[in-house]
Amino acid sequence: PSLNFRGKVVHIVLKGYKESEARYKSLFEASADGILIASVEKMKFIYANPSICKMLGYSEEELKVRGVNDIHPKDSIDHVISEFEAQGRGEKTLALDLPCLRKDGTIVYVDINTTTAVIDGKKCNIGFFRDITERKIVEKALHDSEQQYHTTIDSMSDAIHVLDNDLRIILTNGTFKQWMENLGLGNDITGLKIFEAFPFKTDKVMDEYNQVFKTGKTLITEESNKFGDREIITETRKIPIFEAKKVSRIITVIRDITERNKAEEKLKLTQKELEIKTKSLEEANTALKVLLKYQDEEKNIMEKTILTSLNNLVMPYLEKIEIGTSDERLKTYVNIIETNLSEITNPFANQLTGYYSKLTPTEVQIANLVRDNKTTKDISKILNISENAVFFHRKNIRNKLAIKNRKTNLRSFLQSLSNK
């Protein structure tokens, strides 16, 4: 095992992880829907995309220090928290018609479609905010004034048509007519029954309209329809209109969510990729720990082997030479060898090696002797060189150890290295 091998493993895993993370972030930032991510436990926001910042009038930094309670009117907090907790438990995904409090104090109404995910070890709700304020205005206009709603719905960007209790189309807006024309279905369908205008509709659609007439409750569905080789996914909202406490008409609001669904699918795929990359990184980390442990064990075994060999095969002979000779210079050499061998096997050897790598072999010899309290005269005799040569090398040593022109004793400095 080598550090180079471990580095390659981490590089490969991290590269894939970062690429997935970048795609994940770009999907969020490009979304037309507002997106807020909040921890389920603390209900505090940890991420806000540009669309939600624009919708609520806050910067991302301002939203990150706020929570769920801060972006809703006080009188709706209990209901909002109940919806948030139900979504966090996975009991529901769509919370309808919730009021949001903008920074300037005005109210916008939203539908919040939520999915849960674990982010940085925390369970979070990822909320997709769809601004329905315009739609609320339409609903209010329809209830308040029969004469005004024609103009109102025609200004809407969503496709709209209105059915009477015979399921006959009595009104369409400009967007709906443009849709029909683009799909090659014609735009003059006013007066036709819904299944005459759209023969490809299933009995399920009939059941949905009957349900709204019967219950008087808004129904929201998603539908997928194919026109040639083109598939369009729509979110359809069937809204009851009351007269004398009975549902007399249904306004159908259709929104093309094809691109949104594609973005959500990409988001789910990216999230899955992130989970896989995270697991791979964890496995690589475990493998690295095993490799490091193995390497440390090998290092300890090698150090013990070297130390045992020196003590058994070298040191006894040096001791015999020192005892058996009367030559003082030879005894000094033997003493130096024993000292250096002892230091090589000590933990501080790596510290000395780092500094001594800058020195020449002669400078290393002189540095060792200076550290061992040998004088210039002693060193001159031991190495059989002139005292001037010793002075010259001592000056070079100070320069390479970066203590030139400092009031630092060379011997003390070299001994301090051994103590680190």
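**Helix H4, the E1–E2 hairpin and Asn-49 in the predicted model**

The buried residues of helix H4 pack against four strands, namely E1 (34–39), E3 (94–101), E4 (107–119) and E5 (122–131). These buried positions of H4 are Ile-77, Val-80, Ile-81, Glu-83, Phe-84, Ala-86, Gln-87 and Gly-88. The structure is a predicted model, and the helix in question covers residues 77–88. Because each residue is expected to contribute 1.5 Å, the 12 residues of H4 should span 16 Å, and this agrees with the 16 Å that separates the C-alpha atoms at its ends. Gly-90, which follows H4, has a positive phi near 80°.

Strand E1, one of the strands against which H4 packs, also pairs with strand E2. The pairing is antiparallel and extends over 3 bridges. Within it, Ile-37 has Tyr-47 of E2 as its bridge partner. The two strands form a hairpin in which 5 residues lie between E1 and E2. In the turn of this hairpin, Met-43 adopts a positive phi of about 60°.

Asn-49 is placed in the loop between strand E2 (45–48) and helix H2 (50–56). With a relative accessibility of 0%, Asn-49 falls under the 20% limit and therefore counts as buried. A polar atom of the Asn-49 side chain lies 2.8 Å from the backbone nitrogen of Ile-35. When neighbours within four places in sequence are set aside, the residues in contact with Asn-49 are Phe-28, Glu-29, Ser-31, Asp-33, Gly-34 and Ile-35. Ile-35 thus appears both in this set of contacts and as the residue whose backbone nitrogen lies 2.8 Å from the Asn-49 side chain.

At the level of the whole protein, the model contains 16 helices and 10 strands. The protein has 420 residues, of which 40% count as buried. Its exposed area is about 24,900 Å², with carbon and sulfur atoms supplying 52% of that area. Among contacts with a separation of 6 or more, 47% involve residues 24 or more positions apart.

As to confidence, the mean pLDDT of the protein is 82, and 86% of the residues reach 70 or more. Residues 1–14, by comparison, have a pLDDT below 50, and this stretch has 15 contacts in the model beyond near neighbours in sequence.

Note on methods: Residues are numbered from 1 along each chain as its sequence is written. Side-chain values use heavy atoms; hydrogens and water are left out. Buried means under 20% relative accessible area, exposed over 50%, partly exposed in between (1.4 Å probe, protein chains only). A polar contact is a pair of N or O atoms within 3.5 Å; within protein, one must be able to donate a hydrogen and the other to accept it, and residues adjacent in sequence count only if both atoms are side-chain atoms. Contact means heavy atoms within 4.5 Å. Accessible areas come from the Shrake-Rupley method with a 1.4 Å probe; for residues, only the protein chains shown count as cover. The expected span of a helix is 1.5 Å times one less than its number of residues. pLDDT is the predictor's confidence in each residue, from 0 to 100. Two strands pair if DSSP finds at least two bridges between them.
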